[in-house]
Amino acid sequence: MTTETEGAATILLIDDHPMLRNGVKQLISMDSRLQVIAEASNGAQGVELAEQFDPDLILLDLNMPGMNGLETLDQLRLTALSGRVVVFSVSNHEDDVVSALKRGADGYLLKDMEPEVLLKALHQAAAGQMVLSETLTPILAASLRDNRPAAERDIQQLTPRERDILRLIAQGLPNKLIARKLMITESTVKVHVKHLLKKMKLKSRVEAAVWVLQGKTVS
């Protein structure tokens with residue numbers, strides 16, 4: 001384990017490939033604002049370390065022996081963590097992406113990302129923004145189209161405040177920044193988010209953002 005650097009966003013890596021972990025650690029070590037504080041080679045160990053360190057960000061692989069990534073995600077979501085959990089996988093299969101987001105992932109990044117793009121995404125995720133590899137947007141959009149007809153989603157159901165919040169979610173803003181921008185409390189934002197997702201039959205903030213990015217007008 002490493003000593004925590006003051007001010008740096010702390011990261012836990014959960015991945016069964018040592019070479020991948022080493023590569024990511026090496027990349028992150030080049031950025032003083034990010035720091036790998038712990039690493040795990042399996043899901044069970046990852047959950048233990050998450051409870052121990054409560055990192056700002058957890059990078060979670062999907063395909064691991066024993067407890068796989070989705071099962072690990074379920075366990076992490078039962079733990080009182082303050083940080084974000086982002087899936088980091090080679091899989092761009094629709095089922096994997098949708099399952100991860102529905103089970104509470106704060107984002108989904110692909111392992112073939114360019115190093116500088118990955119670092120930028122890690123900063124965004126650690127700051128509370130949702131992150132999604134660009135190539136996954138059409139995959140998620142197609143899933144939304146197939147599973148929930150657009151007719152079921154009428155933007156007129158939303159109050160003006162809910163529309164404001166939906167627009168800011170689509171920009172990737174976390175609740176804290178939305179609250180500051182709209183001059184309301186963070187707990188009020190959470191209530192509005194819960195209501196608008198239910199009204200629009202959307203499972204997560206990421207789905208909501210993709211729906212807006214598909215070209216839906218939020219006026």
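**Exercise 1. In this predicted model, find how many residues the largest nonpolar core has and which of them have the most contacts inside it.**

Solution. Start with the count: the largest nonpolar core has 51 residues. Next, pick out the residues with the most contacts inside this core: Ile14, Ile58, Leu76, Tyr108, Leu166 and Ile178. Then turn to the helices: α10 (residues 205-213) gives the most to this core, with six residues. Finally, look beyond it: apart from this core lies another, of 20 residues, including Val86, Leu109, Met113 and Leu118.

**Exercise 2. Work out which residues Ile178 is in contact with, leaving aside neighbours within four places in sequence.**

Solution. Set those neighbours aside, and you are left with Ile165, Leu168, Ile169, Leu173, Val189 and Arg205 as the contacts of Ile178.

**Exercise 3. Locate the buried residues of helix α4 (residues 94-102) and say where on the helix they fall.**

Solution. First list them: Val97, Val98, Ala100 and Leu101 are buried. Now look down the axis of α4: its buried residues fall within an arc of 165 degrees, so they line one face of the helix. As a last step, move past the helix to Gly104, which follows α4 and has a positive phi, near 105 degrees.

**Exercise 4. Is Ala126 partly exposed or buried, and what is it in contact with?**

Solution. Begin by placing Ala126 in helix α5 (residues 115-126). Its relative accessibility is 26%, and buried means under 20%, so Ala126 counts as partly exposed. For contacts, leave aside neighbours within four places in sequence: Ala9 and Leu57 remain for Ala126. Lastly, compare sequence with space: Ala126 and Asp56 are 70 residues apart in sequence, with their C-alpha atoms 5.8 Å apart.

Terms used. Residues numbered from 1 in each chain as written. Predicted model: local features only at pLDDT ≥ 70, side-chain atom pairs only at ≥ 80, totals over all residues. Heavy atoms only, no water. Helix = DSSP H or I, 4+ residues; strand = E, 2+ residues; numbered from the N terminus. Buried < 20%, exposed > 50% of the residue type's maximum accessible area, 1.4 Å probe, protein only. Contact = heavy atoms within 4.5 Å. Arc of directions from axis to C-beta. Core = buried A, V, L, I, M, F, W, Y, C linked by side-chain atoms within 4.5 Å.
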